[in-house]
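Let's take a walk through a protein fold together. Keep the picture open beside you and find each piece as we go.

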Amino acid sequence: MPKLNENYQNLKESYLFSEIAHRVAGYTAAHPDKEIIRLGIGDVTLPLGSLAIQGLHNGVDAMASSDTFKGYGPEQGYDFLRNAISAYYEENGIYVDAEDIFISDGAKSDTGNISELFDTDNVILIPDPVYPVYVDSNLMGGKQITYLAGNADNQFLPMPDKNIHADIIYLCSPNNPTGAVYNRSQLKEWVDYALANEAVILFDSAYEAFITDPKLPRSIYAIEGAKRCAIEFCSLSKTAGFTGTRCGYTVVPRELVFTASDGREMSLHAMWNRRQSTKFNGTSYIVQKGAAAVFSPEGMRQCRENIRYYQENAKMIARTLNHKKIPFFGGIHSPYIWFECPQGMESWDFFDYLLKNAQIVGTPGAGFGENGTRYFRLTAFGTHENTAKAMERFDKLF
């Protein structure tokens, strides 16, 4: 009889979005005549830009000829894409060496897998509310978590406590689920804290393309000293609509070197390279060709056009909440709107109420942590028509 990883017993019975799907399926089966509007999961609805599509076609065409056919590629990603991402950082005033960029199938995988680089005997600091993958992947590995409270008092942007030592720090900005964004001075405080504690920041910037204020940093590497204490994750899922196409990247600077218990130096860059080379065969050439096209000037213009579409949806939702005098966060530099559940409801109760009375699917804040118990998340990734219809229904409820 095998000895199982009993840390799985510490997880909730089902993943947040699996539970949502289960409840929606039950309601749909009982009410097949009702039209459901889904503003829950952060999945895009607009098609890929024409340049990304052309890039994918070019990748497919290359597979049709022995002269251009690609088999196994580099686990770290093809140079043409790593160089394109490096140039994208430079356009935003940040230097990131292409050799420090690792191409993957998305930020969700990498933010979960990165925990393998760290021993169980670390103080892991995770904000609450938080993207569930950060928590679940560490619980699966038997790691202990210290939670940092995000709430309305701190605008859901918790700051470091100098009385608490941390070794690993998870940050997400723009934040999922709250939509809150750290400014430059706040991130500088986090970088200074990490350097003082010899800690590593795991910085999720999957929604950076939604930031419109040039004063707000779109990368942790906009902060001096960050390359000595931070790993950054990003994704084309929200930037370019690659939720189904699957492509992301992780930046692990070679400056991230720490001393092992035996006195030898260990490089997180080298460790991640070894991990990926062992457990990952690389993102497909076809997908990487599509991704490289995204980072061209015209490709980015098309991405920004799609993002503006979603931002209009966010404005629709925000107008409705303002009209109903419901406090909320996000919706400006983020596709997510995070609001207090009306009438003092708890979030799963409000989920059921909204589904039953308006046929709108959102995301209960309790799924993101204890501090989300009385909050709810709506996404701006629907169509204009469905978002407008959902807000009309919402407006009539209260």
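We'll start with a sheet, move on to a helix that packs on it, and then look at a core and another sheet. Bear in mind that this is a predicted model.

Strands in a sheet pair through backbone hydrogen bonds, and they can do that either parallel or antiparallel. Here, 7 strands make an open sheet in the order E2-E8-E7-E6-E5-E3-E4, and the pairing is mixed. At the edges sit E2 (101-104) and E4, each of which pairs on one side only. From one strand to the next, the twist averages 20 degrees. Want a closer look at one pair? E3 and E5 run parallel and are joined by 2 bridges; Leu 125 has Ile 169 in E5 as its bridge partner.

Now find helix H6, which packs on this sheet and touches E3, E4, E5 and E6. Its direction makes about 165 degrees with that of E5. H6 covers residues 184-197, so to speak 14 residues in all, and it reaches 20 Å from its first C-alpha to its last, close to the 20 Å expected.

Which residues of H6 are buried? They are Gln 186, Leu 187, Trp 190, Val 191, Tyr 193, Ala 194 and Asn 197. These residues cover an arc of only 160 degrees around the axis, so they end up on the same side of H6. The spacing helps you see it: an α-helix has 3.6 residues a turn, so residues three or four places apart point the same way. Flip to the other side of H6 and you'll find Ser 185 and Ala 196 exposed. Just past the end of H6, Glu 198 takes a positive phi of about 50 degrees.

Next, the inside. The largest nonpolar core has 83 residues, and those touching the most other members are Ile 169, Ile 201, Phe 242 and Tyr 249. You've met Ile 169 already, as the bridge partner of Leu 125. Leaving aside neighbours within four places in sequence, Ile 201 is in contact with several residues, including Ile 169 and, from the buried set of H6, Trp 190, Val 191 and Ala 194.

Finally, look for the other sheet. It is open too, with 4 strands in the order E11-E12-E15-E14 and antiparallel pairing. E11 (328-330) and E14 (363-364) are its edge strands. E14 pairs with E15 over 2 bridges, and Pro 364 has Phe 376 in E15 as its bridge partner. Helix H10 (residues 297-323) lies across E11, E12 and E15, running at about 15 degrees to E12.

How values were computed: Residues are numbered from 1 along each chain as its sequence is written. This is a predicted model: local features need pLDDT of at least 70, side-chain atom pairs count only at pLDDT 80 or more; totals for chains, interfaces and linings use all residues. Side-chain values use heavy atoms; hydrogens and water are left out. The expected span of a helix is 1.5 Å times one less than its number of residues. Buried means under 20% relative accessible area, exposed over 50%, partly exposed in between (1.4 Å probe, protein chains only). The arc is that of the directions from the helix axis to the C-beta atoms. Two strands pair if DSSP finds at least two bridges between them. Contact means heavy atoms within 4.5 Å. Axes are lines fitted to C-alpha atoms, for helices over the stretch in contact, and angles run from 0 to 180 degrees between N-to-C directions. A nonpolar core is a set of buried Ala, Val, Leu, Ile, Met, Phe, Trp, Tyr and Cys residues joined through side-chain atoms within 4.5 Å.
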